[in-house]
Amino acid sequence: QVQLLESGGGLVQAGGSLRLSCAASGRDFSINTMAWYRQAPGKQRELVASIISGGTVNYADSVKGRFTISRDNAKNTVYLQMNNLKPEDTAIYYCNAGARSDITYRHYSYWGQGTQVTVSS
């Protein structure tokens, strides 16, 4: 089992910055991909950014140049640095991790509880 603990959400004015953190914990699992998703009211959940263990990243077009995803493999923690925030970034942000059991080699996908990001104009 893998648990994801998110932190860093909050209320910020447009143009401001926030840094989200997501720490994964568990026994006998190897984390492959970590990602951030978000879901705004009335909209589908969308992928914001992802990063694989080798360092390859991808971003939604709407956040390119403003958000940076990074990862500390030793800590099994993923970060999302959000700069120049806009009101349309307001959403619940969810951490996601793809993990493989070191015992059975089965793959699982885990979700955090979500953290609210609100950007005022």
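**Entry 1: Arg-71 and its contacts**

I began with the surroundings of Arg-71 in this predicted model. Leaving aside neighbours within four places in sequence, I found Arg-71 in contact with Ile-31, Asn-32, Thr-33 and Met-34. The list of contacts also includes Ile-51, Ile-52 and Ser-53, and further along the chain Thr-77 and Val-78.

I then looked up where Arg-71 sits, and found this residue in strand β7. Is Arg-71 buried or exposed? Its relative accessible area is 17%, and since buried means under 20%, Arg-71 is therefore counted as buried.

I also checked one distance from this residue. Ser-50 is 21 residues away from Arg-71 in sequence, and their C-alpha atoms lie 9.9 Å apart in space.

**Entry 2: Strand β7 and its partner**

I followed the strand that holds Arg-71 to its pairing. Strand β7 covers residues 67-72 and pairs with β8 in the antiparallel sense, over 6 bridges. As one example of the register, I noted that Thr-68 has Gln-81 in β8 as its bridge partner.

Next I examined the hairpin that β7 and β8 form. Between the two strands there are 4 residues. In this hairpin, Asn-76 takes a positive phi near 50°.

**Entry 3: Strand β8**

I turned to β8 itself, which spans residues 77-82. How many of its residues are buried? I counted 5 of the 6, and the strand is mostly covered.

Strand β8 also pairs with β3, residues 18-26. These two strands run antiparallel and are joined by 6 bridges. Here Ser-21 stands opposite Tyr-79 of β8.

I kept one general point in mind while viewing the strands: in a regular strand, side chains alternate between the two faces of the sheet.

**Entry 4: The whole chain**

I then stepped back to the protein chain. Its secondary structure comes to 11 strands and 0 helices.

For the overall dimensions, I noted that the C-alpha atoms fill a box of roughly 50 × 25 × 20 Å along the principal axes. The radius of gyration is 14 Å, which agrees with the value near 14 Å for a compact globule of 121 residues.

I looked up burial for the chain as well: 40% of the 121 residues count as buried. The accessible surface comes to about 6,600 Å², and carbon and sulfur atoms account for 47% of this surface.

Among contacts between residues at least 6 apart in sequence, 55% join residues at least 24 apart.

Last, I recorded the charges. The chain carries 12 positive and 8 negative side chains, and the centres of the two sets lie 1 Å apart.

Definitions and conventions
Residues are numbered from 1 along each chain as its sequence is written. This is a predicted model: local features need pLDDT of at least 70, side-chain atom pairs count only at pLDDT 80 or more; totals for chains, interfaces and linings use all residues. Side-chain values use heavy atoms; hydrogens and water are left out. Buried means under 20% relative accessible area, exposed over 50%, partly exposed in between (1.4 Å probe, protein chains only). Two strands pair if DSSP finds at least two bridges between them. The radius of gyration is taken over C-alpha atoms; the globule rule is 2.2 Å times the number of residues to the power 0.38. Contact means heavy atoms within 4.5 Å. Accessible areas come from the Shrake-Rupley method with a 1.4 Å probe; for residues, only the protein chains shown count as cover. Lys and Arg count as positive and Asp and Glu as negative; His and the chain ends are not counted. The place of a charge is taken as NZ of Lys, CZ of Arg, CG of Asp or CD of Glu.
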